Amino acid sequence: MLVHDHHVRAWREAAELCERLPWLTTAQAEDLSRHYVQQRVDLTRRMLRATVERAGQLREEYEARYAELRRALLRRHALAACALVAGMGGAGALVSLLGR
């Protein structure tokens with residue numbers, strides 16, 4: 001559907017271009033229109049491919065960054081849990097010593 005709309009729009013633009021060139025014969029106008037539409041379709045195809053390629057690159061970059069952030073968060077939580085366990089162990093030992 002999107003491709004069809006783009007194609008129709010390109011033909012409309014080609015027709016408008018040919019209207020501004022009244023000295024063209026019918027055959028020349030048709031030839032110019034075909035070339036214009038082909039150029040537009042080729043340009044759009046290249047732009048869409050570049051966009052898809054860049055989207056893939058961005059996805060890889062974001063996924064790598066997300067994985068890195070997850071690992072860092074996991075390390076922080078593990079360190080905090082170790083510190084909490086060590087603190088609780090130390091507090092338990094202190095209470096035990098003070099209780100004697």
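Exposed means over 50% relative accessible area, buried means under 20%, and partly exposed lies in between. The exercises below use these cut-offs on a predicted model.

**Exercise 1. Sort residues of helix H1 by exposure: which are exposed and which are buried?**

Step 1. Take the buried set of H1: His-6, Ala-10, Ala-14 and Cys-18.

Step 2. Locate that set around the axis. These residues cover an arc of only 115°, so they sit on the same side of H1.

Step 3. Turn to the other side of H1, where Leu-2, His-4 and Glu-19 are exposed.

Step 4. Identify the cover. Helix H2, residues 26–98, is included in what covers the buried residues of H1.

**Exercise 2. Compare the span of each helix, H1 and H2, with the span expected at 1.5 Å a residue.**

Step 1. The expected span is 1.5 Å times one less than the number of residues.

Step 2. H1 runs over residues 2–19 and has 18 residues. From its first C-alpha to its last it reaches 26 Å, close to the expected 26 Å.

Step 3. H2 has 73 residues and should span 108 Å. Its end C-alpha atoms are 105 Å apart, which agrees.

**Exercise 3. Find which residues of H2 are buried and what they pack against.**

Step 1. List the buried residues of H2: Ala-29, Ser-33, Val-37, Arg-40, Val-41, Thr-44 and Ala-72.

Step 2. Name the partner: the buried residues of H2 pack against H1.

Step 3. Take Val-37, in helix H2, as an example. Its relative accessible area is 3%, so Val-37 is buried under the 20% cut-off.

Step 4. List its contacts. Not counting residues up to four places away in sequence, Val-37 touches His-7, Ala-10, Trp-11 and Ala-14.

Step 5. Add a distance. Val-37 and Arg-12 are 25 residues apart in sequence, and their C-alpha atoms are 9.3 Å apart in space.

**Exercise 4. Classify His-6 and Trp-11 by accessibility, and give the contacts of each.**

Step 1. Place both residues. His-6 is in helix H1, and Trp-11 is in helix H1.

Step 2. Apply the cut-offs. His-6 has 14% relative accessibility and therefore counts as buried. Trp-11 has 37% and therefore counts as partly exposed.

Step 3. List contacts, leaving aside residues up to four places away in sequence. His-6 touches Arg-40, Val-41 and Thr-44. Trp-11 is in contact with Ser-33, Arg-34 and Val-37.

Step 4. Check one pair by distance. Trp-11 and Ser-33 are 22 residues apart along the chain, with 6.8 Å between their C-alpha atoms.

**Exercise 5. Describe the largest pocket: what is its volume, which residues line it, and of which classes are they?**

Step 1. State the volume, which is about 160 Å³ for the largest pocket.

Step 2. List the lining: Leu-2, Val-3, His-6, His-7, Val-41, Thr-44, Arg-45 and Leu-48.

Step 3. Assign the lining to elements. H1 and H2 are the elements that give two or more residues to it.

Step 4. Sort by class. The lining has four nonpolar, three polar and one charged residues.

Step 5. Link back to the earlier exercises. His-6, a lining residue, is buried in H1, while Leu-2, also in the lining, is exposed.

How values were computed. Residues numbered from 1 in each chain as written. Predicted model: local features only at pLDDT ≥ 70, side-chain atom pairs only at ≥ 80, totals over all residues. Heavy atoms only, no water. Helix = DSSP H or I, 4+ residues; strand = E, 2+ residues; numbered from the N terminus. Buried < 20%, exposed > 50% of the residue type's maximum accessible area, 1.4 Å probe, protein only. Arc of directions from axis to C-beta. Contact = heavy atoms within 4.5 Å. 1 Å grid on protein atoms, 1.4 Å probe; cavity = no way out; pocket = protein on both sides within 12 Å on 5 of 7 lines; lining within 4 Å. Points joined across faces, edges and corners; volume = space filled by probe spheres on them. Nonpolar A, V, L, I, M, F, W, Y, C, P; charged D, E, K, R; others polar.
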